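Please open the model in your viewer and keep the selection panel at hand. The stops below are meant to be taken in order, each with something to select and something to look at.

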Amino acid sequence: MCLLGIDIGTSGCKASIIDTEGNVKGQAYREYALVTPYPGWEELDPELVWSSVKEVITRALAGFKGDKIIAASVSSFGEAAIPIDRNGNALYNGIIYIDTRGEEEASYLKEKLGYEFILGITGVSAHPMYTINKIMWLKKHMPEVYQNTWKFLLFADFILFRLGARPHTDYSLAARTMAFDVINKKWSDAILSCAGVDEDKFGEPVQAGTVVGRISKNIAEELGLPMELLLVAGGHDQPCAALGAGVIKNNTAVDGMGTTECITPAFDRPVISDIMAGSSFACVPHVIKDMYVTYAFTFTSGSMLKWFRDNFGHTYREEAARSGINIYDLLIDKAGNEPSGVFVLPHFAGAATPYMDTSAKGAIVGLNINTTSEDIIKGILEGITFEMMVNLEKLSEAGVEVKEIRAVGGLAKSRTFLQLKADMMGRKVTTLKVSEAGTLGVAILAGTASGVYSSAEDAVERLVKKEEEFLPDNRLHEIYMEKFETYKRIYPAVKSIFK
């Protein structure tokens, strides 16, 4: 038996066919582009995404000779909702989280309901990026779209609906709307009433891992999938990746190390407080029942190395080409083992949690006549790690402890960088024998719902295997903790300059 996991991102989608032992039997990826009709407007065409999903499923199936695929599930980014009519036709593009529309609407809700009320109900601070504000904007500026809308579905829900599922939204994605009661697991009457949005325009809230239908006959025939294929509610991409990394208990977190970086810790109770809100940490349902997660993230990580490569790395690119090794592996290995004398504030695209300061500026501090390019590379690696240490410190203040970090993503392939993270953070960093934690997470949901696994815990025990553990060097950790105190003073100093 096999399972189908699909992940929808803002720039592309992926399909993976995974057997019950976690082996990838077929996989495909397809890129697509955002639509920018006006400055500040950022949209994603749902029909383009749907056609791309069908393509990656078809390509993943090409040459697949494994056992029967019995269930499928989907994860996606949050916030963007697609208005559909009763025939399932998309009436407008999905407005994604970086779109500037919704600022007036978010301010209105905050003024009418109050910051603390919204936080207490939804687990998130009032912000224009969330779905409810975009829907309010649509209702005001495109009333015909709102009036003709039968349901607003987030992207994972939309793809499952097109495959044949009933209209639904799992709790983790519903929590990205700023209209969902994360404690009582229902749409908030107070918020929807204040927003002037009808509750029946949303899908049924369900626990991730709930069977929400079977594939339609027409789609099964078109894609070559079994007629009996179960469709299972997936969830928000970050908690799905956490599940795929085995983060289902307290004190553990998955660290997605790519172009940006996101640490997603799990905890067994809702943590909603001024400390969490003051650091812009959401509290949202995990895709595991009765668990919650939050997101600590940066806007730059691997992109900092790319910036260095593109602007100052010509000789390194030539060396990498001659030796046949990955340019990023080369850069990281050039950085050396000892701490750098340079501090890099990695706010080159603004600051994410805990500051959420889109106007923040990056900085390189501590240069002298003897500073080398390797010092700056090491400073970049230290800077992006210090930034996550700021987040971990704030999480600890809020009562969310992280003792083990499970690293996934492109930068997690560097043993040198992972050892540096362990040394700096003073925590165990673990790599996994998992190529794609996100699609494995939704495959676990599909497998549990279809009876392949007795529980998510059973699936994690069978599928999520540790590959290597990196333990901190106490001498280096003490040095880095001293440097950390200096690092924490740089952001307010730079901010005071660029007022």
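Select Y97 to begin this walk through a predicted model: the residue is placed in the loop between β7 (94–95) and α2 (103–113). With a relative accessibility of 35%, Y97 counts as partly exposed, and if you add L34 and I98 to the selection you will have the residues that make a nonpolar surface patch of about 250 Å².

Next, select R101 together with W137, where R101 lies over the face of the W137 ring at 4.7 Å from the ring centre. W137 belongs to the buried part of α4, which makes that helix a natural next selection.

Show α4, residues 131–141, and colour its residues by accessibility: eight of the eleven are buried, so the helix is largely enclosed by the rest of the structure. The buried residues of α4 are T131, I132, N133, K134, I135, M136, W137 and L138. What should be displayed around α4 to see its cover? The elements that cover its buried residues include β6 (81–84), β7, α2, α5, β8 and α8 (189–195).

From here, turn to the aromatic side chains, of which a search of the whole structure finds 19 pairs. Select Y146 and F152 as one example, whose ring centres are 6.2 Å apart with the planes at 35°, so that the pair counts as tilted. Both partners are buried, Y146 at 6% relative accessibility and F152 at a relative accessible area of 1%. A second tilted pair is formed by W150 and F161, with 6.1 Å from centre to centre and 55° between the planes. W150 is found in the loop between α5 (143–148) and β8 (151–154), whereas F161 is in helix α6 (residues 155–163), so that the pair links distant parts of the chain, eleven residues apart. Their exposure can be compared in the viewer: W150 is partly exposed at 21% relative accessibility, while F161 is buried with a relative accessible area of 16%.

Extend the selection from Y146 and F152 to Y171, F180, W187 and F202, and you will have the six members of one aromatic cluster.

The next stops concern charged side chains. Side chains of opposite charge can pair when their charged atoms come close. How many salt bridges does the model hold? The count comes to 29.

Select K25 and D19, which form a salt bridge whose closest N and O atoms are 3.9 Å apart; the cut-off for such a pair is 4 Å. K25 is partly exposed, with a relative accessible area of 45%, whereas D19 is buried at 12%.

Move on to E204 and R166, whose side chains meet in a salt bridge at 3.0 Å, N to O. Because E204 lies in strand β12 (residues 204–206) and R166 in the loop between α6 and β9 (168–170), this pair ties together parts that are 38 residues apart in sequence. E204 is partly exposed, with a relative accessible area of 38%, and R166 is likewise partly exposed, at 33%.

Then select R415 and E468, where the side chains meet in a salt bridge at 2.3 Å, N to O. R415 lies in helix α16 (residues 415–425) and E468 in strand β24 (residues 466–470), so the pair ties together parts that are 53 residues apart in sequence. R415 counts as exposed at 51% relative accessibility, and E468 as partly exposed at 25%.

For a set of charged residues, select E404, R406, K428, K466 and E469, which are linked in a network of salt bridges.

Now select K483 and F343, where the charged end of K483 sits over the ring of F343, 4.2 Å from its centre.

The last stop is V342, found in the loop between α14 (327–334) and β20 (343–345). Is V342 buried or exposed? V342 is buried, with a relative accessible area of 3%. Leaving aside the neighbours within four places in sequence, V342 is in contact with I364, V365, G366, L367, T371, D375, G379 and E382. To finish, draw a distance from the C-alpha atom of V342 to that of S216, which is 126 residues away along the chain: the two atoms are separated by 58 Å.

Notes:
Residues are numbered from 1 along each chain as its sequence is written. This is a predicted model: local features need pLDDT of at least 70, side-chain atom pairs count only at pLDDT 80 or more; totals for chains, interfaces and linings use all residues. Side-chain values use heavy atoms; hydrogens and water are left out. Patches are made of residues with over 30% relative accessible area and no salt bridge: like charges are joined within 9 Å, nonpolar side chains (Val, Leu, Ile, Met, Phe, Trp, Tyr) within 5 Å. Accessible areas come from the Shrake-Rupley method with a 1.4 Å probe; for residues, only the protein chains shown count as cover. Helices (H or I, at least four residues) and strands (E, at least two) are DSSP runs, numbered from the N terminus. Buried means under 20% relative accessible area, exposed over 50%, partly exposed in between (1.4 Å probe, protein chains only). Rings of Phe, Tyr and Trp (its six-membered ring) pair if their centres lie within 6.5 Å; planes under 30 degrees apart count as stacked, over 60 as edge-to-face and the rest as tilted. A charge sits over a ring if NZ of Lys or CZ of Arg is within 6 Å of the ring centre and within 35 degrees of the ring normal. Contact means heavy atoms within 4.5 Å.
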